[in-house]
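Visitor: I'd love a close look at one part of this protein. Could you walk me through the salt bridges?

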Amino acid sequence: MIRILPGTILGCCVLSLMVCGCGPGETPVAQTDGESKEVAGDVKPRVERVLTQAEQDQLTPDQVLETLRDGNQRFTSGTLTSRDHSKQVREAALGQFPKAVILSCVDSRIPVEDVFDRGIGDIFVARVAGNFENTDILGSMEFACKVSGAKLVFVLGHESCGAVRGAIDGVELGNITEMLANIRPAVDHFTDYEGDKTSSNKEFVQMVAKQNVRETVENIRTYSPILKQMEADGEIKIVGGIYAMETGEVEILQD
Ligand SMILES: [Zn+2]
């Protein structure tokens, strides 16, 4: 008889094993197939497998958003789902039916799959410094939703974003100059702001980061008639959120 204890480190998908002293007639505490486990204490690791097309078809955009919210709750509380990545890799080789496409900044401190407690084959992730859209990103989103059936477009900005700070300060360097021009409209949105409009003002940086997410969401609707129509038909939702660096919490931004 074995007892399976939950991994203790965020992102850990390996369960510790130890000998259990259960006697005859007592409830087994683990199955060896890794699908269902009762564990010591109150913590029960959730074990998921790769999504099928039938399961993807039945999801609504609101359900997917709720899934991301619940996953972020597990991320912030240190109860990430246990996953057998080797098994998921083999399952995913047969095809992919992801729930959502997420546009994130490249910031190394934001592990997107973990932030929403998602596994292999579960979400598309597009990344560019400053999480803005362009033709290539829009094409990727249209592929994710129109071709591959994803139900949600999620733009994920974050606190203390270096790209946002660079746009605020008007940094010019190589290709970074042109890249930051994509964020400039969010900075210019606050022309009437009377405070310090430099990157040393955390409040201003956060205001611009949120505005940049809102503008990206709106630009996706403006520059992708396909996604706009899908949203109007209730097939997808397009939403934005901001990641808090110290807590890992994602705040959903309302339109
Ligand atoms: Zn960033």
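Visitor: To start, about how many helical turns separate Arg-69 and Glu-66 in helix 2?

Guide: Happy to take you there, with the reminder that this is a predicted model. Arg-69 and Glu-66 are separated by about one helical turn, because they sit three residues apart in helix 2. Their side chains meet in a salt bridge, with 3.2 Å from N to O. As for exposure, Arg-69 is partly exposed at 38% relative accessibility, and Glu-66 is also partly exposed, with a relative accessible area of 37%.

Stay with helix 2, which covers residues 61-77, and turn to Asp-62. Asp-62 forms a salt bridge with Lys-237, and the closest N and O atoms are 2.7 Å apart. Lys-237 belongs to strand 6 (residues 237-243), whereas Asp-62 lies in helix 2, so this pair ties together parts that are 175 residues apart in sequence. Asp-62 is partly exposed, its relative accessible area being 45%, and Lys-237 is partly exposed too, with 33%.

Now for a pair with another kind of setting. Asp-122 and Arg-118 join their side chains in a salt bridge at 2.5 Å, N to O. Both of these residues are buried, which means that each has under 20% relative accessible area.

Salt bridges can also link up beyond a pair here: Arg-74, Arg-83 and Asp-117 are connected in a network of them. If you'd like to keep exploring, the count for this model comes to 11 salt bridges.

Definitions and conventions: Residues numbered from 1 in each chain as written. Predicted model: local features only at pLDDT ≥ 70, side-chain atom pairs only at ≥ 80, totals over all residues. Heavy atoms only, no water. Salt bridge = Lys/Arg side-chain N within 4 Å of Asp/Glu carboxyl O. Helix = DSSP H or I, 4+ residues; strand = E, 2+ residues; numbered from the N terminus. Buried < 20%, exposed > 50% of the residue type's maximum accessible area, 1.4 Å probe, protein only.
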